[in-house]
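Visitor: Hi! I have a structure I have never seen before. Could you walk me through it?

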Amino acid sequence: MATLAELCRTQTGLGEAEVIHLQDLTGSWGLLSDLSFADLLLYAPETDERDAPLVLLGHVRPTTGTTLYRADLVGQMFRRSRRPLIAQCLDEKCIVEGRVHVGVDRDISLKAVPVRRGDATIAVLARERHRPDDRPMSEQERTYLSVFDRFAHMLDRGEFPYRDEERFRHRTPRVGDGLLLVDREGRIEFASPNAVSVMHRLGMHRAVVGARLDDSGLGPEMLRSAFAKRTSVIEEIVRGTETTIVSHCLPLLDEGRATGAIVLVRDVTDLRRRDRLLVSKDATIREVHHRVKNNLQTISSLLRLQARRLTSDEARAAIGESIRRIGAISVVHEALAQSADHDVSFTEIVKPLVRVVEDSVSMPERPLRFEVTGDAGILPAQVTTTLAVVVTELIQNAVDHAFVGSSAPEDGSPGRVEISLDRKPDMLAIDVADDGIGLPAGFDPSDAKGLGLTIVRTFVEVELGGTIRLRSGAEGGTVAEVRIPASRLVSPLDDARDPRA
Ligand SMILES: Nc1ncnc2c1ncn2[C@@H]1O[C@H](COP(=O)(O)OP(=O)(O)O)[C@@H](O)[C@H]1O
Ligand SMILES: [Mg+2]
């Protein structure tokens, strides 16, 4: 659907400043619609010519009453003869009231108000509602309608929408949230029931009507500032430990003089409490992530210090492996801490894991090339950590064992380590393949006593309910095949039966 500005530009001759004036109007006309319990429609002539058709530029429905229009008519053109009261309002440049018969049984009460900017009438605002029946109006209805009329005259005099209005940062209160009407002295003439409740929250227990706004707990500056600047003022007031009230003061003007104001009020205590809670929860989580990361680094440093004091090569190598395993867990932790939710793309984690292994190779006998193909999809955090350790062990084995003693080939081609990921409907398949010397003769993986493969087997079979197989590659080398059933790849949050949930 075209925006107001687009409609103005393509269907009318309105200039840029006039379009902004109408945008300001439609930015705040929900208030006028609510005050009059009525639909508001904004019309502008297509051209300056006397008989130019009318373009419907905008429409707003009341939240305090029922709309007359289910359909969206914005953008439609009307001949003037079909909208005689609007045409009359444009021609005579004054407020016009009348009744319009629609169909057989509908009777609409219409008020057409010129929208003035400077000396020019640039558009017409039509207020349309069912003809009020003979039922007497409540005090609230009468008050709201009379306030609407005061705004209508401000529109006609070019005093509304306000100039230099503070642009709304947050949702300002609506009529239904609470409305106070004050006179030019700042005395409260009317308070809607919701407004009375808000005043009670502010600690005002006397009668609200008749009291001065200054004594109400709403800031006394607000009204003075709105009167002086002849524009609306928004304030947020905090009472006691946390009661938070947003108030929006709109001065009622008559040729530059303030004759009173309406103050819309809304209790936002619960909203603000939730905001604060979210902010502090967020900060706590970030702090915990940070501490875990630091702790992992501290553990690595302590192990490194210990390794330096050792004389046995075997002991040093063992500690070096432990540092590398902690490095793999840190990589996952970092990725999890940075992701907004708990699930991370495993493929994104494999690349930094390769780097962890590369960093642990001090003097490569032969250059190595790593390749990551396919996609493992999104995995739950716990599975990610476990699989990361498994994959790191397998890559490390390829680096440690596949290329020992095999002198680099004549052409200097690097040793290849390929990690391929494949997420199938029923399982996740991860293969770590190398083109090295292959497994030792008579090697039985299920009987292997090394710590690396023991960790891999325990994690894959016990923790993840999957399988691990080591076999010779078709063209030499070794392939490690890890298979994890899909049922283990759902987040414990989704699956309450998960033993670790
Ligand atoms: N990609 C591979 N290429 C050749 N041999 C391998 C490969 N992966 C594992 N092995 C063999 O399996 C053994 C056990 O590995 P592992 O349990 O990780 O212990 P470690 O790496 O400490 O020797 C290795 O010592 C090696 O002989
Ligand atoms: Mg190993």
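Guide: Happy to. Let me start with a term we will need: helices here are DSSP runs of H or I with at least four residues, numbered from the N terminus. Also keep in mind that this is a predicted model.

Visitor: Good to know. Which helices each supply at least two residues of the shell around ligand 1?

Guide: Those are helix H10 (381-402) and H11. H10 gives the most to that shell, with five residues.

Visitor: And how many residues surround ligand 1 altogether?

Guide: There are 15 residues around ligand 1, and the closest are Asn397, His401, Gly450, Gly452 and Leu453.

Visitor: Let's zoom out. What domains is the protein chain divided into?

Guide: The division gives domain 1 (4-156), domain 2 (175-267), domain 3 (271-340) and domain 4 (341-501). Taken over C-alpha atoms, the centres of domain 1 and domain 3 are separated by 64 Å.

Visitor: I see some strands too. What is the strand order in the open sheet of five strands?

Guide: The order is S13-S15-S16-S18-S17, and the pairing is mixed. At the edges sit strand S13 (368-375) and strand S17 (467-472), each of which pairs on one side only. From one strand to the next, the twist averages 10°.

Visitor: Do S13 and strand S15 run parallel or antiparallel?

Guide: Parallel: S13 and strand S15 (residues 415-423) pair in that sense over eight bridges. One pair to look at is Glu371 and its bridge partner in S15, Glu418.

Visitor: What packs on that sheet?

Guide: Helix H9 (residues 346-360) does, touching S13 and S15, and its direction makes about 170° with that of S13. Helix H11 (residues 451-463) packs on the sheet as well, touching S17 and strand S18 (478-485), with a direction at about 135° to that of S17. You have met H11 already, as one of the helices supplying the shell around ligand 1.

Visitor: Neat. Now the inside: how many residues does the largest nonpolar core have?

Guide: It has 74 residues, and those with the most contacts inside it are Tyr43, Leu57, Ala123, Val124, Leu180, Ile262 and Val263. Domain 1 (4-156) and domain 2 (175-267) both give residues to this core, so it lies between them.

Visitor: Pick one of those for me. What is Ile262 in contact with?

Guide: Leaving aside neighbours within four places in sequence, Ile262 contacts Val147, Leu179, Leu180, Leu181, Leu250 and Leu252. Apart from the core of Ile262 lies another core, of 42 residues, among them Leu379, Leu387, Val432 and Val482.

Visitor: How much of strand S2 is buried?

Guide: Strand S2 (residues 54-60) is mostly covered, with six of its seven residues buried. Strand S1 (residues 39-45) runs antiparallel to S2, joined by six bridges, and Leu40 stands opposite Val60 in S2. S2 also pairs with strand S3 (residues 77-78) in the antiparallel sense, over two bridges; there Val55 stands opposite Met77 in S3.

Visitor: Switching to loops: is Gly210 buried or exposed?

Guide: Gly210 counts as exposed because it has 10 C-beta neighbours inside 10 Å, and the cut-off for exposed is 12 or fewer. Gly210 sits in the loop between helix H5 (193-201) and helix H6 (220-229). Not counting neighbours within four places in sequence, Gly210 is in contact with Arg187 and Ile188.

Visitor: And where is Arg157?

Guide: Arg157 is in the loop between helix H4 (139-156) and strand S7 (179-183). With 14 C-beta neighbours inside 10 Å, Arg157 counts as partly exposed. Beyond residues up to four places away in sequence, Arg157 touches Arg116 and Glu255. Arg157 and Asp119 are 38 residues apart in sequence, yet 9.0 Å apart in space, C-alpha to C-alpha.

Visitor: Which residues does a cis peptide bond join?

Guide: Phe160 and Pro161, with omega about -5°. Pro161 lies in the loop between H4 and S7. For background, most peptide bonds are trans, and most residues other than glycine have a negative phi.

Visitor: Then what is phi for Lys93?

Guide: Near 55°, a positive value in a residue other than glycine. Lys93 is in the loop between helix H3 (84-92) and strand S4 (96-102). Phi of Arg230 is near 55° too, and Arg230 is found in the loop between H6 and strand S9 (233-239).

How values were computed:
Residues numbered from 1 in each chain as written. Chains lettered and ligands numbered in written order. Predicted model: local features only at pLDDT ≥ 70, side-chain atom pairs only at ≥ 80, totals over all residues. Pairing = 2+ DSSP bridges. Axes fitted to C-alpha atoms, helices over the stretch in contact; angles between N-to-C directions. Contact = placed C-beta atoms within 7 Å. Core = buried A, V, L, I, M, F, W, Y, C linked by C-beta atoms within 7 Å. Buried ≥ 20, exposed ≤ 12 C-beta atoms within 10 Å, placed from the backbone. Domains from an automatic or database assignment. Near = placed C-beta within 6 Å.
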